[in-house]
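Here are some short exercises with worked solutions. Keep the structure open beside you and try each task before reading on.

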Amino acid sequence: MALKRIATLTLAASLLVLGCQATNHTTTSAANQTHGETSFSLADLYQDGYFNTASVPATRWLEDGSGYTTLEQSKRGQGKSIVRYHPETGQRTVLVSAQQLTPRSQTEALTIADYQWSSDASKLLIFTNTKRSWRTHTLGDYWVLDRASNELFKLGGNAPASSLQFAKFDPQGERVAYVQQNNMYVQSLHSKQISQLTFDGGPHTINGTFDWVNEEEFGLRDGFRWSPDGQHIAYWQVDTTDVPLFTMIDNVSELYPTLTQFPYPKVGETNSALRVGVLPASGGDTTWVQLPGDPRQHYIVRMDWAGNSDSLLIQHMNRAQNTLNVFLADRASGTTERLIQEKSNAWVEQVDDVRFFRNGQSFTWQSERSGYRHLYRYDADASGNKLTALTQGNHDVVQLLEIVADDAGNGYAYYIASPESPLQRYLFRVHLSGNSAPERLTPASWEGTNGYQIAKDGRYAIHTYSRMGVPPQTRMVSLPNHQVLQSIELNGELQERLAQRVTNTTEFFQVEAQDGLVLDGYVMKPKNFDASKKYPLIMFVYGEPWGQTVADRWLGHLWLWHEYMTQLGFVVASVDNRGTRSPRGQAWRHSIYKQLGIVTVRDQADALKGMLSRWSWLDGDRVGIWGHSGGGSQTLNALFRYPQLFHVGIASAPVPDLRLYDTIYQERYSGLLPADAASYEATSAITHAKNLQGELLLIHGTGDDNVHYQGSERLQDELIRHQKQFRFMAYPNRSHSITEGEGTSLHFRTLMAEFFLEKLSP
């Protein structure tokens, strides 16, 4: 099973140009290993799609719960049709054929990137011909199909191709609003007349959508909302004046380098100013909502109509992100009234899934005020305390999925939680009265991770189940009894391939940090594991507040790459340090406030010590660690702060200097400048680069608009200053994921495999 040793690279190559030579082996490249040495190659995984998961196409429940719709390849040839399935009988009905979605001027049907129904399903909106705006494909063309007349027409009149964003029907299905070039428009579906609503959109004024940092960190993309009666539109306006521009250079696409610039506020720099306004859907003046404080020192993180057409519910957060105020704003006057305030000594989080009921008199809320994230009901007409706890206990509500209630508010809230284990996810429901205990609906036999797409009437759900080593299985179930009605996609072919090719044993374990805190981990042992032998260890880390690596769910290609490494003779392990996005309560998450890179990596070091003490078959002299993005940052900190423990590391797309990242994310977890300057210095990996003793492979995409290539260049400069040897690979014009371009993923993972093979030698 052992591979031929990879020839040692020359010193010059080891400094900066590994990318030119690292995969220049015809017989020893990890990408081309024969199945005699491993049961699959990296080309199988990253080039040929041998282990691809069969995904379920975009599904939409019809409003009346009579069925769900999905995309299927047309049986008559090119294009996809939209098909409805009955939830109980599975009866299949083609609602919209590919032929109906073929414009008269074209011979091929529209390629459907996304679609939405009007409220009565009489019309269909198709999103196609998409391209990126910032990090996601939000630009494109929109077409409307009138199912009664079979008319198919393109929105926007003579608008340039792929220039529209976020088109959506009004509640009555008579008009569509959209954003084009930072202005908002409404188009009548009857007359086709287009009305421009805003006129000040331009390079620094953005109406109805967002700048880079609000899109990335708060998930804000679609920036406008129709009122329930269709008479008004509420929208965000973003002013990027004075926000510093970041410049990326493209040395590949043209004969001479080309530049891309966009507003990107790094820690301590000027933020965009956001405000919310309401204007008539027929056009007219905007009434601006009156919110307190300097708009550049606050964030408007969520906005929606408050269950009626007269008021808005707005979540307003200070720049330090330790206070969240929830305001009710009057549509006509713009005046506001504070309903809820959440405060913390670290940070607070916005609530993404507010649901209104009782004609807007009540809504669901989530809060960590008890020390855990729980579900509450807010009653506007209550006297005294207007918040009623619906869930309680030493566990977190992970996600609110749906509420099903009558006009009086009698009904249930359906949510995801896992009170017994933070590694799993289950469906619960609780009565909106708060007078009864929650009821778990996921049967005990579905141990692992469960997700649900629930019909509006709560009678059915599309249920997706997975666990470690088990790919997603999607079924139709009835609620609340969870009876399986249909199998939608069970990934049977992939399960057969996994059974044939996977050889490792994956086990969950727990280990204590030095203060006694219990940390969760998993370990993957090679085939024919022999406890009398010594195995090199690869630890995979993320470690920051936006990820959980240790979970009982399908981990996809990441898990399979680790499987590949076990077949080469490595043990692979991952441990979630404190502060990760695990449903273990506020104290767990907030313990790393202003301590990123210190406490986070101390936990990783403690975990490693515990593993070495417990398992004699781990070779403490051959320990590697790797991670991407925040995991890349933690990898650097592990190598620099604990060089006696971690000997080899691969850091891809890291943030070596926390002061280089954006305001919203980094200030949330690390504090504000200049007050916390000393903390930024202490927690940034670059400060400790002089301590490098082991082997480092640094990887970054030059087109990374999220974690900038700039950071890795600064780290290189610091390592060179201290005469520290390292290897470096730059992927030209690749973004943060390092996936764009033919062969990129295969090259990237092969590079990593060969580096570990060379430096840790199983």
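**Exercise 1. Find the ring that the charged end of Arg-440 sits over.**

Solution. In this predicted model, go to Arg-440 and look at its charged end, which sits over the ring of Tyr-426. The distance from the ring centre is 3.7 Å. Now turn to Lys-525, which lies over the face of Phe-529. Here the distance to the ring centre is 4.9 Å.

**Exercise 2. Decide whether the rings of Phe-529 and Tyr-535 are stacked or edge-to-face.**

Solution. Begin with the whole structure, where a search finds 33 aromatic pairs. One of them joins Phe-529 and Tyr-535, with ring centres 5.2 Å apart. Next, take the angle: the planes stand at 20°. Planes under 30 degrees apart count as stacked, so this pair is stacked.

For contrast, try Tyr-50 and Phe-51, with 4.8 Å centre to centre and 90° between the planes. An angle over 60 degrees counts as edge-to-face, and that is the label for Tyr-50 and Phe-51.

To finish, look for a cluster: ring pairs link Trp-347, Tyr-593, Tyr-661, Tyr-665 and Tyr-669.

**Exercise 3. Sort Phe-51, Phe-529 and Tyr-535 into buried, partly exposed or exposed.**

Solution. The cut-off for buried is under 20% relative accessible area. Phe-51 has 0% relative accessibility, so Phe-51 is buried. Tyr-535, at 8%, is buried too. Phe-529 has a relative accessible area of 26%, so Phe-529 is partly exposed.

**Exercise 4. Trace the strands that pair with β37.**

Solution. Start with β37 itself, residues 518–525. In this strand 7 of the 8 residues are buried, so β37 is largely enclosed by the rest of the structure.

Then take strand β36 (residues 505–512), joined to β37 by 8 bridges and running antiparallel to it. Within this pairing, Gln-510 has Asp-520 as its bridge partner. The hairpin of β36 and β37 has 5 residues between the strands, and Gly-516 takes a positive phi near 90° there.

Last comes strand β39 (residues 571–575), which pairs with β37 over 4 bridges, also in the antiparallel sense. In this pairing Tyr-522 stands opposite Ser-574.

**Exercise 5. Name the edge strands of the open sheet β24-β25-β26-β27.**

Solution. The sheet has 4 strands in that order, with antiparallel pairing. An edge strand here pairs on one side only, and this holds for β24 (356–357) and β27 (387–389). Strand β26 (residues 374–379) is joined to β27 by 3 bridges, and Tyr-376 stands opposite Ala-389.

Terms used. Residues are numbered from 1 along each chain as its sequence is written. This is a predicted model: local features need pLDDT of at least 70, side-chain atom pairs count only at pLDDT 80 or more; totals for chains, interfaces and linings use all residues. Side-chain values use heavy atoms; hydrogens and water are left out. Rings of Phe, Tyr and Trp (its six-membered ring) pair if their centres lie within 6.5 Å; planes under 30 degrees apart count as stacked, over 60 as edge-to-face and the rest as tilted. Buried means under 20% relative accessible area, exposed over 50%, partly exposed in between (1.4 Å probe, protein chains only). A charge sits over a ring if NZ of Lys or CZ of Arg is within 6 Å of the ring centre and within 35 degrees of the ring normal. Two strands pair if DSSP finds at least two bridges between them. Helices (H or I, at least four residues) and strands (E, at least two) are DSSP runs, numbered from the N terminus.
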